[in-house]
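Subject: Structure for your files

Hello,

Here is the structure I promised to pass on. Please have it open while you read the notes under it.

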Amino acid sequence: EEGGGGGGLTCLALGGGQDGQLAICGGEDGNAYVVHVSGKKVVATLTHFEENAAENNNNNNATAGQGNQGEGMEEDDDDEFVEARSVEAVGFCPGNIPGTAHWCATGGVDGVLKIWNMNVGGVGGAQLRQKCTRGEAADDVVKAGITRLRWHNSLPLVIASYTDGVVCIWDARVGTMVSLLTGHEDMINDMSVSFVEGSNAAVIVTGSDDKSVKMFEYHP
């Protein structure tokens, strides 16, 4: 019940930390909260959205909502649209991957995947290591939001699904995309990942608004 700066929680992951007692929750307020379950204490607040974006959205709320915060998304066609900034996917890196102990990831409706190191003190109790965005130039950035994410079980890779129907696989150490999986024609609503025993291969199954389920095989 601790933590949360306004708005509900959107996603949850368990089993983080050396004792497996950490949970991470994504919120509609643009933050993710790392909680020690048995200690019932927030140990880190991960600010997924930039402070200036939060300030801009607050100004938009005041202008368009006139006190109706949280209800101004679609008041009418002529009102200014207030951009959502929720964290939609979270996950802890497995502890068996060398050099990535205490890492976690957050994915937002902004389409940005962020990699955090909770072992290094920073603002909010964690340090931002990588910011992964699709597109090279600022005017080429893809705005499709992230719907699910999953860490690879033996490599420093994050598998993320998006609202435009693609799956991206990111190298968490350097923040670069190593694979792009396509085939859906609409938003991916859910994703499950399993790993082939004895290899680094991954089987990725996705379900989409295009009324199809697709299976991808990824071989690093």
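The notes below cover the sheets, one surface patch and one pair of residues that are far apart in sequence.

Please keep in mind that this is a predicted model.

The sheet with β1

One open sheet has four strands in the order β1-β2-β3-β4, and the pairing is antiparallel. Its edges are β1 and β4 (41-47); each has a single partner strand, so one side of each is left without a neighbour in the sheet. From one strand to the next, the twist averages 20°. Within this sheet, β2 and β3 (residues 31-36) are joined by five bridges and pair in the antiparallel sense. To find this pairing on screen, start at Gly26, whose bridge partner in β3 is Ala32.

The sheet with β5

An open sheet of four strands also has the order β5-β6-β7-β8, again with antiparallel pairing. The edge strands here are β5 (87-92) and β8 (127-132), each of which pairs on one side only. The twist from one strand to the next averages 20°. Five bridges link β5 with β6 (residues 103-108), and these two strands run antiparallel. Val90 can serve as a marker: its bridge partner in β6 is Thr106.

As background for both sheets, strands of a sheet pair through backbone hydrogen bonds, either parallel or antiparallel.

The surface patch

Which residues make the nonpolar surface patch? They are Leu12, Leu14 and Val37, and the patch has an area of about 310 Å². Leu12 belongs to strand β1 (residues 9-16), which is one of the edge strands of its sheet. Is Leu12 buried or exposed? Leu12 has a relative accessible area of 55%, and because the cut-off for exposed is over 50%, Leu12 counts as exposed.

Gly17 and Ala101

Gly17 is found in the loop between β1 and β2 (22-27). The relative accessible area of Gly17 is 36%, so this residue is classed as partly exposed; that class lies between the cut-offs of under 20% for buried and over 50% for exposed. How far apart are Gly17 and Ala101 in sequence and in space? They are separated by 84 residues in sequence, while the C-alpha to C-alpha distance is 8.4 Å.

That is what I have on this model for now.

Regards

How values were computed:
Residues are numbered from 1 along each chain as its sequence is written. This is a predicted model: local features need pLDDT of at least 70, side-chain atom pairs count only at pLDDT 80 or more; totals for chains, interfaces and linings use all residues. Side-chain values use heavy atoms; hydrogens and water are left out. Two strands pair if DSSP finds at least two bridges between them. Axes are lines fitted to C-alpha atoms, for helices over the stretch in contact, and angles run from 0 to 180 degrees between N-to-C directions. Patches are made of residues with over 30% relative accessible area and no salt bridge: like charges are joined within 9 Å, nonpolar side chains (Val, Leu, Ile, Met, Phe, Trp, Tyr) within 5 Å. Accessible areas come from the Shrake-Rupley method with a 1.4 Å probe; for residues, only the protein chains shown count as cover. A salt bridge is a side-chain nitrogen of Lys or Arg within 4 Å of a carboxyl oxygen of Asp or Glu. Buried means under 20% relative accessible area, exposed over 50%, partly exposed in between (1.4 Å probe, protein chains only).
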